[in-house]
Amino acid sequence: LTSILNQTHSASEIIICDDHSEDSTTEIINKFTNKHPEIRWIVERNDISLGFRENFYKAINLATCNIIFLCDQDDVWYQNKISDMISILTGDQHVKVLVSDFDFLICENGQPDYNASKRISVNEPRNNNSNAKVKYSIQNFLNKRPGWTFAFKKEIIPLINELRIGKKEIYHDEIVWYAGLFLDGLYHINKPLGQWRRFNSSVTKIDGSESKRSRFLRLLPVRLKRADE
């Protein structure tokens with residue numbers, strides 16, 4: 001949260017959805033938000049735990065601004081993250097979803113997830129720190145960046161809500177990724193705009209690349225069928 005407040009381009013609002021935590025999260029949030037009244041805070045606490053997927057969808061649908069950034073509890077944003085991504089999203093009407101690169105911040109016993117930093121196939125050659133449209137291809141059917149590197153336009157929320165129905169095995173950021181692909185508006189900026197803190201207990205922790213590759217192969221037929229539809 002501190003790294004978001006320290007941006008060169010201020011956030012208009014910050015949405016926090018507490019998924020029925022049983023620790024001191026609520027007290028920490030209240031203390032922090034009270035110190036920063038200059039920000040419009042939208043703070044919700046779920047009566048029951050929805051799980052992180054549904055909790056993200058809830059937060060997305062609470063957003064009132066035209067450009068929405070996803071944020072996890074463990075990422076640190078570089079000061080120019082919002083300004084760089086908003087510049088691209090507002091400067092080109094074709095860009096619906098924008099993802100960036102990142103740097104790893106490995107904590108004790110944490111592991112990098114190299115599947116989340118693989119090369120993204122784009123439609124045209126480009127230079128460093130430039131953005132390009134992600135190619136609609138099988139190679140890009142598994143999203144290759146963590147959700148907190150995403151920013152997207154509010155106008156695609158109806159499609160996100162449509163795509164998520166009945167797809168409990170798909171993460172929220174994958175749904176946003178697909179929405180960008182299907183709209184021919186998924187773009188990538190090959191520039192690190194934050195640090196991804198990796199814990200030993202990270203939700204996305206995997207034992208090796210094979211497990212995620214197997215998951216990709218298992219879900220690929222479903223995703224191909226969905227793309228045809």
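Contact, as I use the word in these entries, means heavy atoms within 4.5 Å.

**Entry 1: the residue N123.** I am working with a predicted model, and I began by looking up which residues N123 touches. Leaving aside the neighbours within four places in sequence, I found N123 in contact with K133 and K135. I then looked up where N123 sits, and its place is in the loop between β5, residues 97–106, and β6, residues 131–133. N123 and K133 are ten residues apart in sequence, and I noted that their C-alpha atoms are 6.0 Å apart in space. Is N123 buried, partly exposed or exposed? Its relative accessible area is 40%, and because buried would need under 20% and exposed over 50%, I entered N123 as partly exposed.

**Entry 2: the chain as a whole.** I next looked up the overall make-up, and the protein chain has seven helices and eight strands. Of its 229 residues, 46% count as buried. The protein chain exposes about 12,100 Å², and I noted that carbon and sulfur atoms supply 50% of that area. I also looked at how contacts are spread along the sequence: among those between residues at least 6 apart, 78% join residues at least 24 apart.

**Entry 3: two paired strands.** I followed strand β1, residues 13–18, and found that it pairs in the parallel sense with strand β2, residues 40–45, over six bridges. Between these two strands the chain crosses through helix α2, residues 25–35, and I recorded this β-α-β crossover as right-handed. I also looked up what stands opposite D18, and the residue there is R45 in β2.

**Entry 4: helix α5.** Which residues of α5 are buried? In this helix, residues 157–164, I found I157, L159, I160 and L163 buried. They cover an arc of only 155 degrees around the axis, and therefore I placed them on the same side of α5. I set a general rule beside this: an α-helix has 3.6 residues a turn, so residues three or four places apart point the same way. I then checked the face of α5 turned away from its buried side, and it carries the exposed residues P158 and E162. What do the buried residues of α5 pack against? I listed α3 (52–62), β3 (67–69), β7 (150–153) and α6 (172–182) as the elements they pack against. Finally, I looked just after α5, where G166 takes a positive phi of about 70 degrees.

Definitions and conventions:
Residues are numbered from 1 along each chain as its sequence is written. This is a predicted model: local features need pLDDT of at least 70, side-chain atom pairs count only at pLDDT 80 or more; totals for chains, interfaces and linings use all residues. Side-chain values use heavy atoms; hydrogens and water are left out. Helices (H or I, at least four residues) and strands (E, at least two) are DSSP runs, numbered from the N terminus. Buried means under 20% relative accessible area, exposed over 50%, partly exposed in between (1.4 Å probe, protein chains only). Accessible areas come from the Shrake-Rupley method with a 1.4 Å probe; for residues, only the protein chains shown count as cover. Two strands pair if DSSP finds at least two bridges between them. A crossover is right-handed if, with the strands pointing away from the viewer, the path from the first strand over the helix to the second runs clockwise. The arc is that of the directions from the helix axis to the C-beta atoms.
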